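The exercises that follow are meant to be worked with the sequence and the structure side by side. Try each task before reading the solution beneath it.

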There are 2 protein chains.
Amino acid sequence: MNPIGQNVHFITLSTPDLQAARDFYVRGLGWEPLLDVPGEIVFFQIAPGTVLGLFEAVKFQQDLGLDREAAAGPSGLTLAHNVGSRAEVRSVVAAMEEAGGQVLTRPEDGAFGGIFHAHVRDPNGVIWEIAHNPGWRVAQDGAVVFGDLPPDDSVS
Amino acid sequence: MNPIGQNVHFITLSTPDLQAARDFYVRGLGWEPLLDVPGEIVFFQIAPGTVLGLFEAVKFQQDLGLDREAAAGPSGLTLAHNVGSRAEVRSVVAAMEEAGGQVLTRPEDGAFGGIFHAHVRDPNGVIWEIAHNPGWRVAQDGAVVFGDLPPDDSVS
């Protein structure tokens with residue numbers, strides 16, 4: 001048995017401008033908070049059993065005892081949302097831009113077989129990849145299934 | 001209808017030392033990769049429909065067109081894993097330390113009602129919170145349920 005189950009229950013992101021982030025996700029994208037504590041944190045459920053938390057940056061760092069570091073946004077990560085078609089990539093990216101997101105790469109073919117994607121930065125600095133990936137699916141039981149990927153190619 | 005469904009399908013982390021990360025999660029913690037592409041990326045399923053990807057740092061940045069920035073590890077985020085008891089917090093933290101994790105805060109009571117937690121940094125710089133939180137549970141259908149939280153207190 002593994003000492004730690006293979007589950008992430010919370011992904012918590014340092015959030016320099018909590019109100020801007022709330023405006024983007026709640027007002028702009030229509031997401032429903034699981035819990036919203038003004039000035040502190042907003043939680044969204046983003047998978048069965050898993051929650052994304054946007055935690056006010058100064059409090060985030062205090063919580064970790066990192067008060068010597070500047071209160072910055074997250075870096076070195078991306079979040080991805082997959083959709084069912086290339087057209088849907090375009091419409092989601094348009095909706096995110098309309099909601100205040102910054103489009104970093106317009107919808108285009110990716111480096112490997114069949115993926116079509118774009119990158120959008122939220123007001124908090126988090127980079128989202130919006131993708132149509134014909135080689136990816138989620139089975140009825142929640143299992144993620146990858147199709148055949150070319151072994152030598154970049155995977156994103 | 002929301003323009004973008006409330007789901008995160010991939011969480012991808014910039015990984016300066018992919019082999020060290022693989023050793024930690026696979027050899028140290030016994031996690032099973034969904035897909036492992038040497039020198040590129042390791043994927044782990046961490047919730048129904050959701051995958052954590054450890055993406056080699058230079059390739060991560062090239063993929064985003066960020067090659068002007070130094071290839072760094074992720075910052076400004078934490079991942080959390082919740083367990084069923086205070087004893088289990090201790091045993092998971094011990095296992096992570098044994099696997100090469102760096103314990104930042106030893107298991108202790110948190111700032112609000114009943115939570116008992118510790119923080120461990122993985123070889124990639126990702127900070128995990130290991131917590132027993134009696135106010136949190138996952139319902140049979142995957143819905144996350146929070147109990148009553150004191151309104152004035154810090155939430156982690």
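**Exercise 1.** In this predicted model, find how many residues each chain brings to the contact between chain A and chain B, and describe the side that belongs to chain B.

*Solution.* Begin with the count: chain B provides 60 residues to the contact, and chain A provides 60 residues as well. Next, look for the elements of chain B that supply at least two residues each to the side touching chain A; among them are strand S1 (10–15), helix H2 (57–63), strand S5 (77–83) and helix H3 (86–98). The element that gives the most to this side is S5(B), with six residues. Finally, sort the residues of this side by character, which yields 32 nonpolar, 24 polar and four charged.

**Exercise 2.** Determine which strand of chain A pairs with S1(B), and in which sense.

*Solution.* The partner is strand S5 of chain A (residues 77–82), which pairs with S1(B) in the antiparallel sense over four bridges. To place this pairing in the structure, locate A:Leu77, which stands opposite B:Leu13 in S1(B).

**Exercise 3.** Work out what turn and what shift lay chain B on chain A, and name the relation that results.

*Solution.* Two copies of a chain are related by a rotation about an axis and a shift along it. Here a turn of 180° with a shift of 0.0 Å along the axis lays chain B on chain A, at an RMSD of 0.0 Å. This is therefore the relation of a two-fold axis. To find the axis from chain B, go to B:Ser75, whose C-alpha is the nearest to it in that chain, at 2.7 Å. As a last step, compare the two sides: 100% of the interface residues of chain B are also interface residues in chain A, so the copies meet through the same surface.

**Exercise 4.** Identify which residues of helix H1 of chain A are buried and which strands they pack against.

*Solution.* Within H1(A), residues 18–28, the buried ones are A:Leu18, A:Ala21, A:Arg22, A:Phe24, A:Tyr25 and A:Gly28. An α-helix has 3.6 residues a turn, so residues three or four places apart point the same way. The buried residues of H1(A) pack against strands S1 (10–15), S3 (41–47) and S4 (50–56) of chain A. Just after this helix, A:Gly30 takes a positive phi of about 75°.

**Exercise 5.** Decide whether B:Phe116 is buried or exposed.

*Solution.* First locate B:Phe116 in strand S7 of chain B, residues 116–121. B:Phe116 has 20 C-beta neighbours inside 10 Å and therefore counts as buried. Beyond the neighbours within four places in sequence, its contacts include B:Val89, B:Pro107 and B:Ala131.

Notes. Residues numbered from 1 in each chain as written. Chains lettered and ligands numbered in written order. Predicted model: local features only at pLDDT ≥ 70, side-chain atom pairs only at ≥ 80, totals over all residues. Contact = placed C-beta atoms within 7 Å. Nonpolar A, V, L, I, M, F, W, Y, C, P; charged D, E, K, R; others polar. Pairing = 2+ DSSP bridges. Least-squares fit on C-alpha atoms with pLDDT ≥ 70 in both. Buried ≥ 20, exposed ≤ 12 C-beta atoms within 10 Å, placed from the backbone.
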